[in-house]
There are 2 protein chains.
Amino acid sequence: EIAAAAVDILRPPRPRPLADKRVLITAGPTHEAIDPVRYIANRSSGKQGFAIAAAAQAAGADVTLVSGPVELRDPAGVTVIRVESARDMLHRVEAALPADIAIFAAAVADWRVANEGEQKLKKTSAGMPQLALVENPDILATISKLTDKRPPLVIGFAAETEHLIDNAKAKIARKGCDWIVANDVSPATGVMGGDRNTVHLLTRDGDDIKVDSWPVMTKEQVATELVATIAKTLGKTS
Amino acid sequence: EIAAAAVDILRPPRPRPLADKRVLITAGPTHEAIDPVRYIANRSSGKQGFAIAAAAQAAGADVTLVSGPVELRDPAGVTVIRVESARDMLHRVEAALPADIAIFAAAVADWRVANEGEQKLKKTSAGMPQLALVENPDILATISKLTDKRPPLVIGFAAETEHLIDNAKAKIARKGCDWIVANDVSPATGVMGGDRNTVHLLTRDGDDIKVDSWPVMTKEQVATELVATIAKTLGKTS
């Protein structure tokens, strides 16, 4: 017992490189109602965002996770807020600021239905109803372009089926975020909803964008790697 | 031990009123792809269809359950076939015929997207993409109107937010089915995705339609009641 206690004392404390940092993370899909029973969804499982939340918490951060509808349990020690639509998600993200680091891993619906019905949409003899779409709030761009409460490090995700790097570079410029985790979801990779990701990390330094291509990893490994990269970067700049 | 064996012998055998009957059941939502990552879904949990499958199996039937994407485990002793879209579901239902009783409890999407994209749909400066919809196959009507392999008893479900009975009566006539289980899913009832249903059973006898309004029940109770009603009806006619 005394020996065990000595080992515990002698063992270096677990590194907590994100101690005292507030990290805000989004995860999962959003559901956009068409009528009381139908909605538009996407195939995001939420696993990547949840893994990042767990990794950031393990690194000592104070983590808030805003998640769309997923079948995952709350990671231990993380404040989890469940939402449905993109508009819900934006409101809860804004309410969770300020944060030192914001990581937007959710697959937010770009559009919602303009004429959301309060009654169930029915077939009519006039033929098919048209689903008119309107643009959803862009959470990544909105938070990246805040003037007062913009988190010092804003990280977006890009899931692309083609022209991955070019689309991700354009996205950094368009959204005004600092980093993009670009994820190859072309059907050939079979990653959407799966447990592994093929990821490229794009980091902006002024006008310069660096691309770091990672090997195929589990989502937990991507999360650990991303949190380690964040910690290293904060260590350099602080 | 001898006493226990005697009790077993003396105990009346469990009634199996649907022994030797083939029962085909659909359950759950369907997912209709918009592009490789987005789809149109609905809020069906699949619980009602799964409960009916379990009840029919317990009543001695040979049960095939064709289910859309749900988070439910296969009921014991039931042949379960998992599908995604309405077209998948129809194909698997047709392949499962003949059946003595068909119960279509799935919330099949009425429409799918006409221009399903192989690449992820992107925002363009031209503005919002239009989602043109085309009608899905109508599984209930298709099977009800079969001339060769029509099951002797075809039961549909109607989830309605308003004019429940009138819409359900019209549905029996339009689809050509024998019974409709009409389920009140107006937002006030909070039943969609929940564990209880407010159900009215409509049964057609020639041009006559009888309405039997059941008290609020769990989905398991609705299933047991429906299977008991089926067994009673078959007992009368056979």
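Biologist: Among contacts in chain A between residues at least 6 apart in sequence, what share joins residues at least 24 apart?

Modeller: Ground rules first: this is a predicted model, where local features need pLDDT of at least 70, side-chain atom pairs count only at pLDDT 80 or more, and totals for chains, interfaces and linings use all residues; side-chain values use heavy atoms, without hydrogens or water. Residues are numbered from 1 along each chain as its sequence is written, while chains are lettered from A and ligands numbered from 1 in the order written. With contact meaning heavy atoms within 4.5 Å, the share in chain A that joins residues at least 24 apart is 64%.

Biologist: How much of chain A is buried?

Modeller: Buried means under 20% relative accessible area, exposed over 50% and partly exposed in between, with a 1.4 Å probe and protein chains only. Of the 238 residues in chain A, the buried part is 50%.

Biologist: Which strands of chain B are the edge strands of the open sheet?

Modeller: Strands here are DSSP E runs of at least two residues, helices are H or I runs of at least four, and both are numbered from the N terminus. Two strands pair if DSSP finds at least two bridges between them. In chain B, eight strands with mixed pairing run in the order S5-S4-S1-S6-S9-S10-S12-S13. The ones pairing on one side only are S5 (79-82) and S13 (208-213).

Biologist: What angle does helix H2 of chain B make with S1(B)?

Modeller: H2 (residues 47-58) of chain B packs on the sheet, touching S1, S4, S5, S6 and S9 of that chain. Axes are lines fitted to C-alpha atoms, for helices over the stretch in contact, and angles run from 0 to 180 degrees between N-to-C directions. By that recipe, H2 and S1(B) make about 165°.

Biologist: And at what angle does H5 of chain B run to S10(B)?

Modeller: H5 (residues 164-175) of chain B lies across S9, S10, S12 and S13. Relative to S10(B), H5 runs at about 155°.

Biologist: Why do the buried residues of H5(B) line one face of the helix, and within what arc do they fall?

Modeller: The buried set is B:Leu164, B:Ala168, B:Lys171, B:Ile172 and B:Lys175. An α-helix has 3.6 residues a turn, so residues three or four places apart point the same way. The arc is that of the directions from the helix axis to the C-beta atoms. Down the axis of H5(B), the buried residues line one face because they fall within an arc of 100°.

Biologist: Which residues are exposed on the other side of H5(B)?

Modeller: The buried residues pack against helix H4 (139-144), S9, S10, S12 and S13 of chain B. Opposite them, the exposed ones are B:Asp166, B:Ala173 and B:Arg174.

Biologist: How many of the six residues of S10(B) are buried?

Modeller: In a regular strand the side chains alternate between the two faces of the sheet. Both faces of S10(B) are covered, with B:Trp179, B:Val181 and B:Asn183 on one side and B:Ile180, B:Ala182 and B:Asp184 on the other. S10(B) is therefore largely enclosed by the rest of the structure, the buried count being six of the six.

Biologist: Which residue in S10(B) is the bridge partner of B:Ile155?

Modeller: S9(B) and S10(B) pair in the parallel sense over six bridges. The partner of B:Ile155 is B:Trp179.

Biologist: Over in chain A, which residue in S10(A) does A:Ala159 stand opposite?

Modeller: S10 (residues 179-184) of chain A has five of its six residues buried. Six bridges join S9(A) to S10(A), and these strands run parallel. Opposite A:Ala159 stands A:Asn183.
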